[in-house]
Amino acid sequence: LAGTRIICDRKFLLECKSSPAARTPPCCLPQTPGVTSLAQSSLAKLEELKERNESEEAVPGEQPTGQGEI
């Protein structure tokens with residue numbers, strides 16, 4: 001098997017890392033929950049954590065839930 005080896009210098013690769021094209025997903029990429037997009041359960045957990053954090057910030061004098069009084 002013959003192949004082609006592509007050789008790039010370090011500077012070029014580092015420039016590619018921060019380019020806008022590297023941060024944009026391909027247009028034809030299929031949506032696979034948990035792989036190319038967040039899983040539905042992960043989205044629900046994120047929303048729940050966000051609501052919990054907002055409610056804890058609303059009442060700063062109370063201890064966060066999950067910590068009992070000693």
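## A walk around three helices

Start by selecting E57, which sits in helix α3, a stretch covering residues 40-58. Keep in mind as you click around that this is a predicted model. E57 is exposed, and its relative accessible area is 62%.

**Stop 1: the company E57 keeps.** Now add E47, E51, E54 and E56 to your selection. Together with E57, these residues gather in a patch of negative charge on the surface. Colour them to taste and leave them on screen for a moment.

**Stop 2: zoom out.** Switch to a cartoon view of the whole protein. What pattern does the protein follow along the sequence? Read that way, it goes α-α-α, with three helices and zero strands. Next, turn on the surface. The accessible surface adds up to about 7,000 Å², and carbon and sulfur atoms account for 57% of it. How much of the protein counts as buried? Just 1% of its 70 residues do.

**Stop 3: the salt bridges.** A search through the whole structure turns up two salt bridges. Let's visit each in turn.

Head back to helix α3 and select R52 and E48. Their side chains meet in a salt bridge, at 3.0 Å from N to O. These two residues are four apart in helix α3, about one turn of the helix. Are they buried, partly exposed or exposed? R52 is partly exposed, at 37% relative accessible area, and E48 is partly exposed too, at 44%.

You may wonder why E48 is missing from the negative patch you coloured earlier. Patches are made of residues with no salt bridge, and E48 has its salt bridge with R52.

For the other bridge, jump to helix α1, residues 10-17, and select K11 and E15. Here E15 forms a salt bridge with K11, and the closest N and O atoms are 4.0 Å apart. What separates the two along the helix? They are four residues apart in α1, so about one helical turn lies between them.

Show the surface around this pair as well. K11 is exposed, with a relative accessible area of 57%, whereas E15 counts as partly exposed at 44% relative accessibility. The cut-off for exposed is over 50%, which is why K11 at 57% gets that label.

**Last stop.** Bring back the patch selection, E47, E51, E54, E56 and E57, and show R52 and E48 with their salt bridge alongside. That view makes a handy one to save.

How values were computed
Residues are numbered from 1 along each chain as its sequence is written. This is a predicted model: local features need pLDDT of at least 70, side-chain atom pairs count only at pLDDT 80 or more; totals for chains, interfaces and linings use all residues. Side-chain values use heavy atoms; hydrogens and water are left out. Patches are made of residues with over 30% relative accessible area and no salt bridge: like charges are joined within 9 Å, nonpolar side chains (Val, Leu, Ile, Met, Phe, Trp, Tyr) within 5 Å. Accessible areas come from the Shrake-Rupley method with a 1.4 Å probe; for residues, only the protein chains shown count as cover. Lys and Arg count as positive and Asp and Glu as negative; His and the chain ends are not counted. The place of a charge is taken as NZ of Lys, CZ of Arg, CG of Asp or CD of Glu. Buried means under 20% relative accessible area, exposed over 50%, partly exposed in between (1.4 Å probe, protein chains only).
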